Amino acid sequence: MKRTLGTCYYPEHWPRAIWEEDAARMAALGLTWVRIGEFAWSRIEPASGDFRWEWLDEAIEVLGAAGLKVVLGTPTATPPRWVCDKHPDMFAVDVQGHPRGFGSRRHYCFSHEGYLDECRRIVTEVAKRYGKNPHVAAWQTDNEYGCHDTIISYSTAARQAFRGWLRTRYPGQGNDGDIDALNAAWGNVFWSMEYDDFDQIDLPNLTVTEPNPAHVQAFRRFSSDQVVRFNRAQVDTIRRYSDAPISHNYMGRITDFDHFAVGDDLEIATWDSYPLGFLEDRVGATAEEQRHYARQGDPDFQAFHHDLYRAVGKGRWWVMEQQPGPVNWAPYNPAPLPGMVRLWTWEAFAHGAEAVCYFRWRQAPFAQEQLHAGLLRPDSVIAPGYVEAEQVAQELADAPDVAITQAPVALIFDYDAAWAWEVQPQGQGMDYFGLVFDLYRAFRRVGVTVDILPPTQRDFGGYRVVAAPGMMTMPDDLKTALAQSGADVLIGPRSAARDGDFTIPVPLPPAWPGLDVTVSRLETLRPDMPIPISGGGHVKNWFELLEGEAESLFLTEAGMPVAMRSGSIIYCGGWGDDAFFDRLVKDVCDRARVDTTVMPMGVRLRDTGAERFWFNHNPHDVEIEGEILGPAGVIRQVKS
Amino acid sequence: MKRTLGTCYYPEHWPRAIWEEDAARMAALGLTWVRIGEFAWSRIEPASGDFRWEWLDEAIEVLGAAGLKVVLGTPTATPPRWVCDKHPDMFAVDVQGHPRGFGSRRHYCFSHEGYLDECRRIVTEVAKRYGKNPHVAAWQTDNEYGCHDTIISYSTAARQAFRGWLRTRYPGQGNDGDIDALNAAWGNVFWSMEYDDFDQIDLPNLTVTEPNPAHVQAFRRFSSDQVVRFNRAQVDTIRRYSDAPISHNYMGRITDFDHFAVGDDLEIATWDSYPLGFLEDRVGATAEEQRHYARQGDPDFQAFHHDLYRAVGKGRWWVMEQQPGPVNWAPYNPAPLPGMVRLWTWEAFAHGAEAVCYFRWRQAPFAQEQLHAGLLRPDSVIAPGYVEAEQVAQELADAPDVAITQAPVALIFDYDAAWAWEVQPQGQGMDYFGLVFDLYRAFRRVGVTVDILPPTQRDFGGYRVVAAPGMMTMPDDLKTALAQSGADVLIGPRSAARDGDFTIPVPLPPAWPGLDVTVSRLETLRPDMPIPISGGGHVKNWFELLEGEAESLFLTEAGMPVAMRSGSIIYCGGWGDDAFFDRLVKDVCDRARVDTTVMPMGVRLRDTGAERFWFNHNPHDVEIEGEILGPAGVIRQVKS
Amino acid sequence: MKRTLGTCYYPEHWPRAIWEEDAARMAALGLTWVRIGEFAWSRIEPASGDFRWEWLDEAIEVLGAAGLKVVLGTPTATPPRWVCDKHPDMFAVDVQGHPRGFGSRRHYCFSHEGYLDECRRIVTEVAKRYGKNPHVAAWQTDNEYGCHDTIISYSTAARQAFRGWLRTRYPGQGNDGDIDALNAAWGNVFWSMEYDDFDQIDLPNLTVTEPNPAHVQAFRRFSSDQVVRFNRAQVDTIRRYSDAPISHNYMGRITDFDHFAVGDDLEIATWDSYPLGFLEDRVGATAEEQRHYARQGDPDFQAFHHDLYRAVGKGRWWVMEQQPGPVNWAPYNPAPLPGMVRLWTWEAFAHGAEAVCYFRWRQAPFAQEQLHAGLLRPDSVIAPGYVEAEQVAQELADAPDVAITQAPVALIFDYDAAWAWEVQPQGQGMDYFGLVFDLYRAFRRVGVTVDILPPTQRDFGGYRVVAAPGMMTMPDDLKTALAQSGADVLIGPRSAARDGDFTIPVPLPPAWPGLDVTVSRLETLRPDMPIPISGGGHVKNWFELLEGEAESLFLTEAGMPVAMRSGSIIYCGGWGDDAFFDRLVKDVCDRARVDTTVMPMGVRLRDTGAERFWFNHNPHDVEIEGEILGPAGVIRQVKS
Ligand SMILES: [Zn+2]
Ligand SMILES: [Zn+2]
Ligand SMILES: [Zn+2]
């Protein structure tokens with residue numbers, strides 16, 4: 001499949017008179033895709049049942065006539081005022097119990113049945129009308145599930161739904177659940193928290209001290225399932241009227257719902273990539289890194305998500321929104337270093353993207369995102385991002401097609417584990433994403449191409465190394481599949497530390513067949529008390545006391561084992577700093593005969609089936625294989 | 001007019017038996033003014049309609065008999081419990097939706113009609129009784145509008161009033177507004193935020209992500225207008241019964257309402273000057289500055305407000321409350337360096353104050369401000385501030401009268417711009433007051449006397465330089481007036497960046513007649529990434545990419561223009577650090593032939609018509625024109 | 001009395017089949033005590049009136065048969081769901097007005113009459129059944145009053161009760177209070193805050209700015225009295241059925257209620273000692289100290305509480321919960337240095353503890369505290385704490401009995417003063433506990449053994465020094481008792497600064513008979529502006545300007561007196577840093593002929609009647625009297 005470019009466009013924001021010119025300019029720039037419609041409910045249906053299709057018919061036709069393909073969004077992320085007036089209790093409720101109001105976007109609770117019915121209705125109407133439109137080449141459901149902290153709702157609707165969900169999870173006689181089973185599974189005897197009936201179970205907010213982690217983890221799983229249900233309702237509706245592929249645009253570092261589970265219902269996963277905004281507000285880089293990469297973005301954060309969404313999309317994935325200049329929503333919003341828009345685009349292609357779409361075509365002079373750059377300025381003059389997009393469009397002409405190959409190393413990412421770490425962090429700054437990402441970075445620092453896998457994966461054929469750090473609940477069949485995979489398996493810390501009801505299993509974790517390692521005790525560490533490893537590096541944050549007869553691979557300076565191995569299974573009982581994770585990853589790769597190449601700071605490489613890419617994320621020159629690569633430089637080496 | 005001193009007194013706090021002695025001591029100290037009454041509602045009217053005038057009659061008579069002039073405050077900042085019981089929904093509501101309760105002060109919502117009626121009623125009674133009293137020489141409305149974050153209220157009353165206000169602002173047929181006009185002006189199409197009716201518009205709190213900036217800015221303007229309306233109701237009432245001038249005591253760095261608009265209804269502007277408290281809680285100085293000036297206060301903050309309130313009072317202004325010792329409300333409350341109470345007093349006179357009143361006469365042993373120093377201790381022994389006030393009183397004997405002259409440099413301060421920056425900061429720490437104050441400081445560092453002007457000013461005759469940084473909305477007639485003023489005009493960053501509905505204008509800003517500069521892009525910067533200017537200094541916080549053919553005055557080290565000029569108009573596209581603003585101000589002043597004198601750190605000068613003052617804000621000696629000036633030293637040079 | 005050990009056990013958490021083995025292992029370890037039952041309400045009474053005694057009968061019998069003595073807890077800290085359903089308004093309400101919900105523990109408001117009745121009922125039933133049980137050797141009421149910020153409640157029940165409490169405190173005709181007396185006492189005239197009726201008085205939350213400190217202090221006293229009332233209801237009930245001593249387990253650094261007042265109704269005070277958790281979350285140590293003592297805990301914090309609870313228990317006190325390994329609730333949760341569990345145990349005995357019980361017997365694999373270490377791991381294997389407990393058990397065999405002797409120095413600790421400092425801190429970081437603890441540390445740094453005394457103490461016979469820093473309200477009879485005690489008395493800063501209604505007395509504080517010192521003014525200081533003392537050390541945080549003819553003991557470098565003395569009374573007008581408090585304490589001890597010995601960092605000593613103990617809180621060796629004491633080392637010198 002050809003690598004393609006696109007943009008996000010809002011015909012309803014602009015005078016009808018300029019649509020043709022916009023479309024012509026898009027085509028001239030070399031774009032293939034235009035996403036439209038995802039915030040346009042108030043224009044499609046300004047009052048209940050009063051549909052206005054003309055403008056949208058026309059917009060699609062104008063774009064299509066210019067040779068562009070339309071990705072049509074369902075408008076459910078922005079219910080109009082009249083929908084909210086009809087369902088005054090449809091708002092999500094925050095942890096303090098305050099309903100969140102109208103006036104921005106994503107102002108709905110996933111558990112509200114009335115709103116879900118409205119969504120089924122509007123999606124039906126849109127899908128009916130455009131399901132067979134030749135220019136509508138793909139769909140997008142809603143927009144950025146989970147953005148603005150919108151998964152978790154403490155509404156009455158959520159409470160009711162949660163009780164029903166629990167009845168199903170702890171099934172009893174007839175339609176009712178088995179409350180004794182729940183009490184036992186959660187250990188509710190602990191503080192006399194036992195329930196007589198599911199209708200006594202509240203959502204876990206506003207408690208005096210922390211609620212039962214089993215209670216919270218159940219609520220997190222329920223909340224994720226509600227998103228899957230909501231998305232599936234839209235997918236099922238669209239499918240009845242259209243054969244075009246269906247996508248959703250995920251965001252960066254949103255772990256509040258299971259992206260894989262939503263992705264199972266989609267043909268294509270897309271995500272919205274804002275490297276500079278993310279560096280400022282969510283990467284978690286050090287102050288020095290933030291300073292160094294302020295205009296380039298983190299060198300691994302986008303790559304991680306590219307690899308993640310390739311897995312979520314079962315191979316098919318896009319960047320649906322690519323930052324083309326300064327954004328408006330981060331704590332600080334600098335402009336990208338010249339060349340970075342091009343680099344980010346090529347980086348996505350290097351990780352297997354089918355398409356990269358820039359958000360947005362033209363900077364809006366009004367409303368919330370006035371200071372979010374577009375390819376065009378508000379006065380329709382081209383902005384710097386346009387020029388870089390144009391360069392990529394030209395470079396794509398003679399570039400190979402999308403060619404995904406299996407990586408030598410796989411990394412399992414498990415949303416359930418992310419919730420579990422949040423529910424029971426045992427210390428400040430302990431978070432699952434951070435741990436996994438730190439290990440991912442270490443593989444990248446030695447030039448290793450990585451695949452990310454869902455926790456449901458059981459076939460590991462072809463991988464030399466499979467890493468599953470911090471995955472707190474690991475089913476027996478996963479343990480077995482990994483043990484029999486032929487790959488070297490790297491687990492810990494916290495792997496297999498809880499059963500499915502958030503209880504510590506006995507025998508104690510990891511209780512891994514063939515691995516004589518027991519986590520006897522664990523501790524969390526302040527940033528000022530890392531534990532030095534003999535030979536270099538430290539354990540930070542999290543440290544487990546390991547017992548057993550397995551071979552010790554690394555020891556603390558005080559002689560305590562940090563990583564132990566039996567056969568192909570390695571258990572690492574600590575969260576390493578960069579120096580230690582570098583040593584660990586090198587050791588693992590060497591044993592597994594995975595080639596490694598130490599990268600200069602800020603340089604990363606990636607292999608596709610047909611090419612090897614080098615990216616210079618630094619604001620200065622670097623030397624790569626004897627060649628000087630400038631700031632924001634990209635090398636694309638076609639494999640012979 | 002003679003410069004005078006005064007104090008704030010609460011006869012209702014003290015035994016009747018000591019009033020005469022207090023009055024006699026005030027007179028002996030050389031005080032002219034006594035402000036009373038502003039918190040005494042519960043003693044004037046302990047129950048609805050039950051008025052107790054005797055004590056107040058007597059207090060005024062005792063003070064008057066001692067030769068003191070009374071400033072009588074309306075008691076509306078502290079409605080008694082019975083008023084609140086009568087109007088249980090009169091409390092302001094915080095951003096989370098919680099009503100703020102009784103038990104301190106300022107517990108009313110400006111939009112509550114019932115409370116406004118109570119205010120009209122009590123002010124009528126007070127004005128009737130004392131409007132012609134020979135000892136009542138001035139009035140004060142309420143007390144410190146905006147203190148304790150009391151302008152913005154998310155109450156039902158405010159919501160109703162806001163809808164009415166919007167109907168007027170976007171007028172339609174008959175009494176209704178034009179909701180389509182509002183939707184278009186705000187760009188509500190953006191996220192399907194369009195309304196069918198004004199009654200659907202809520203206040204902009206508790207939204208999921210940020211609300212439409214046009215919505216918020218409208219709410220901010222409305223909230224300010226409600227203060228003007230509230231104050232005007234009192235002024236109109238008092239005027240019916242009294243010819244004495246009416247004042248209000250503003251606070252420091254309160255930008256939540258338009259002080260000029262309130263001031264338009266007053267004869268005199270006053271403000272409450274707490275240099276040490278302000279340094280701790282609102283100046284925004286660096287840690288080093290806070291340490292250096294801990295016992296002296298910021299060297300520019302009071303001066304700025306003196307100049308501001310001179311403009312708000314159209315020339316007539318006082319310090320109504322002058323800190324006389326440690327206060328009780330800042331994060332830390334140190335004692336002033338000996339001499340500073342005198343310095344602060346003289347500084348106010350140097351900026352044109354008619355009167356300086358110390359708050360308060362005697363430290364109260366009870367209630368909220370027990371640890372707020374007075375001129376007397378709770379045991380009536382004189383406190384250190386008393387001695388310094390006495391010295392000023394003696395020095396005033398042969399000092400010239402108040403003599404205001406026009407400064408060579410003017411600085412426009414626009415409350416609407418302050419709200420606009422808050423509504424859309426585009427980055428942490430971006431605030432309008434900070435920008436304007438930084439530029440003001442730079443003028444002061446080179447000894448330039450500055451006038452502050454309201455945004456409605458159109459006559460700039462006599463000024464050599466007019467600066468209007470960060471004024472986001474600039475009407476065309478202001479642009480014209482400035483262009484034709486004959487003064488050099490310094491604008492930017494962000495000047496003229498939005499139209500009256502918070503939309504980016506096209507052509508892009510600043511779109512200034514005769515100035516070929518376009519802000520092509522802008523970015524905000526973390527504190528660790530200032531942009532170096534060629535020749536010295538940096539741009540921090542805010543940087544704009546300037547295009548156009550105007551002359552570049554300053555360039556970044558990378559060669560991008562930072563300030564550009566065509567004729568008398570200079571556009572500066574960045575927020576300078578001290579070093580750059582020093583260079584910019586020097587450049588502007590030199591071209592405009594405004595004399596500059598580099599001040600030693602912590603030293604400031606100011607010219608009146610008759611005098612030149614030097615103030616040493618340092619805790620150590622400095623040399624001024626060959627003379628040694630001690631800590632807290634003041635030089636007053638009478639012009640020959 | 002023999003020093004004994006124990007543990008906390010939850011038979012309801014474990015299979016019936018292992019109870020005997022658990023009991024046998026406890027006995028074999030050398031434990032005497034087992035606390036049970038305090039969270040078991042849902043198992044004792046799973047539905048209203050449906051009592052299930054069998055399991056508890058059996059558990060007590062199994063433990064007793066193994067030779068263990070049971071401490072039986074009343075289960076009122078964890079009301080079951082059905083109790084809450086019966087009393088839906090029984091939850092405490094937070095400062096924002098949100099009711100706190102079910103799902104953890106301590107979810108009740110102390111003022112709720114319905115819940116208090118439920119408590120009387122369940123305690124009656126439990127006491128009836130086990131009051132004469134031979135194995136029930138002691139009682140515990142509830143669990144950790146005040147933990148999780150549960151003393152202060154802004155509920156309707158609390159508001160009603162507060163009004164009644166105020167009527168009693170300001171009594172009037174018949175059953176009503178005298179509202180004029182309250183208004184006068186609080187100075188409500190200040191901001192027209194006067195009330196017409198007690199029913200107008202709200203709780204002091206959600207006010208616009210700070211409420212009247214007299215109002216808040218009254219609410220704090222009321223809130224404490226509600227705890228006393230609640231506890232007394234249980235004690236009175238138990239006493240009707242049992243002669244066994246009654247205890248309550250207090251927590252560390254909880255100052256929200258008067259522990260002495262609760263203790264007056266108990267035979268034994270116990271507390272829950274978590275040295276590592278406390279160091280992380282409440283000691284307030286510097287970053288360097290936190291790093292140094294991360295695995296040992298603060299060297300003075302436990303000692304302070306040992307001394308405090310010895311006073312609360314009128315000599316009889318225990319550690320009811322001793323940290324045996326990492327806990328789960330602090331910001332970070334490291335493991336103790338080997339030897340510290342033993343050190344902590346011996347330290348408690350050195351301060352006069354009768355018993356030390358480890359929390360908990362076995363780590364729970366489920367619910368909130370899964371990562372809280374026990375003596376056993378979840379798999380019943382012994383954990384490191386077990387081994388150290390075993391060593392202590394063996395060492396106790398030939399150790400002397402509990403032997404408390406009077407210390408040479410006494411320190412008064414006054415909860416009312418703690419509230420007063422919170423109500424009116426006058427600066428960030430000013431808190432009473434911190435001040436008292438800093439002085440306590442200074443005595444410890446010179447090896448002085450200290451007794452803590454309640455504010456009601458009037459007999460100071462036998463003490464050479466009595467210190468009462470920061471005690472804001474000091475009744476005349478306390479002043480007299482101290483003046484006549486024969487001891488040197490160290491007071492200030494802020495001593496006797498307010499009368500009983502939170503008003504500054506005139507003559508000004510301290511107004512101490514025979515001491516010619518007046519606090520003329522006071523100031524609070526940022527951490528970066530300590531005031532240097534001539535000869536070494538600084539005043540930090542709080543500084544008072546002292547006037548009078550008393551002898552100056554210490555002067556600032558600028559010559560202002562910091563501490564003054566007349567005869568046996570010393571007034572210190574500042575909060576000293578370590579260097580100054582070392583000098584002050586040395587001076588005081590030398591004059592009073594109290595022996596001092598400068599301790600190496602991290603080393604502390606304590607004398608009992610029979611022994612002298614040395615404790616090395618460092619992770620490295622120290623030399624003590626020529627002997628090397630290892631990390632976590634303990635020396636016990638039996639007095640000859
Ligand atoms: Zn077509
Ligand atoms: Zn008169
Ligand atoms: Zn709330």
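**Figure 1. Overall view of chain A, a chain in which buried residues make up 68% of the 640 residues.** Welcome to the model, which is predicted rather than experimental. If you trace the chain from end to end, you will pass through 18 helices and 24 strands. Chain A has a radius of gyration of 25 Å, close to the 26 Å that the globule rule gives for 640 residues, so it is as compact as a globular protein of that length. Its C-alpha trace spans about 75 × 70 × 40 Å along the principal axes. Of the contacts in chain A with a separation of 6 or more, 71% are between residues 24 or more positions apart. On the outside, the chain exposes about 19400 Å², and carbon and sulfur atoms supply 50% of that area.

**Figure 2. Close-up of the zinc ion (ligand 1) with Glu61(A) and His135(A).** Here the zinc ion is coordinated by two OE entries from Glu61(A) and by NE2 of His135(A), at 1.8 to 2.7 Å. Glu61(A) sits in helix H3 (residues 54–65), while His135(A) belongs to the loop between helix H5 (113–130) and strand S4 (136–140), so the pair ties together parts of chain A that are 74 residues apart in sequence. Take a look at how the two residues are covered: Glu61(A) is partly exposed, at 44% relative accessibility, whereas His135(A) is buried, with a relative accessible area of 18%. His135(A) counts as buried because its value is under the 20% cut-off.

**Figure 3. Close-up of the zinc ion (ligand 3), with donors from chains A, B and C.** Each of the three chains offers a histidine to this ion: the protein donors are NE2 of His98(A), NE2 of His98(B) and NE2 of His98(C), lying 1.8 to 1.9 Å from the zinc. His98(A) is in the loop between helix H4 (81–86) and H5 of chain A, and His98(C) is in the loop between helix H4 (81–86) and helix H5 (113–130) of chain C, so this pair joins two chains. His98(A) is buried, at 8% relative accessibility. For His98(C), which is also buried, the relative accessible area is 8%.

**Figure 4. Close-up of a nonpolar patch on the surface of chain A.** Let us finish on the outside, where Val381(A), Ile382(A) and Val387(A) form the patch and together have about 210 Å² of accessible area. To find Val381(A), look in the loop between strand S8 (355–358) and helix H14 (384–396). Val381(A) is partly exposed, with a relative accessible area of 36%.

Terms used
Residues are numbered from 1 along each chain as its sequence is written. Chains are lettered from A and ligands numbered from 1 in the order in which they are written. This is a predicted model: local features need pLDDT of at least 70, side-chain atom pairs count only at pLDDT 80 or more; totals for chains, interfaces and linings use all residues. Side-chain values use heavy atoms; hydrogens and water are left out. Patches are made of residues with over 30% relative accessible area and no salt bridge: like charges are joined within 9 Å, nonpolar side chains (Val, Leu, Ile, Met, Phe, Trp, Tyr) within 5 Å. Accessible areas come from the Shrake-Rupley method with a 1.4 Å probe; for residues, only the protein chains shown count as cover. A salt bridge is a side-chain nitrogen of Lys or Arg within 4 Å of a carboxyl oxygen of Asp or Glu. Helices (H or I, at least four residues) and strands (E, at least two) are DSSP runs, numbered from the N terminus. Buried means under 20% relative accessible area, exposed over 50%, partly exposed in between (1.4 Å probe, protein chains only). The radius of gyration is taken over C-alpha atoms; the globule rule is 2.2 Å times the number of residues to the power 0.38. Contact means heavy atoms within 4.5 Å. Donors are N, O and S atoms within 2.8 Å of the metal (3.2 Å for Na, K and Ca); water is not among the atoms, so sites may look incomplete.
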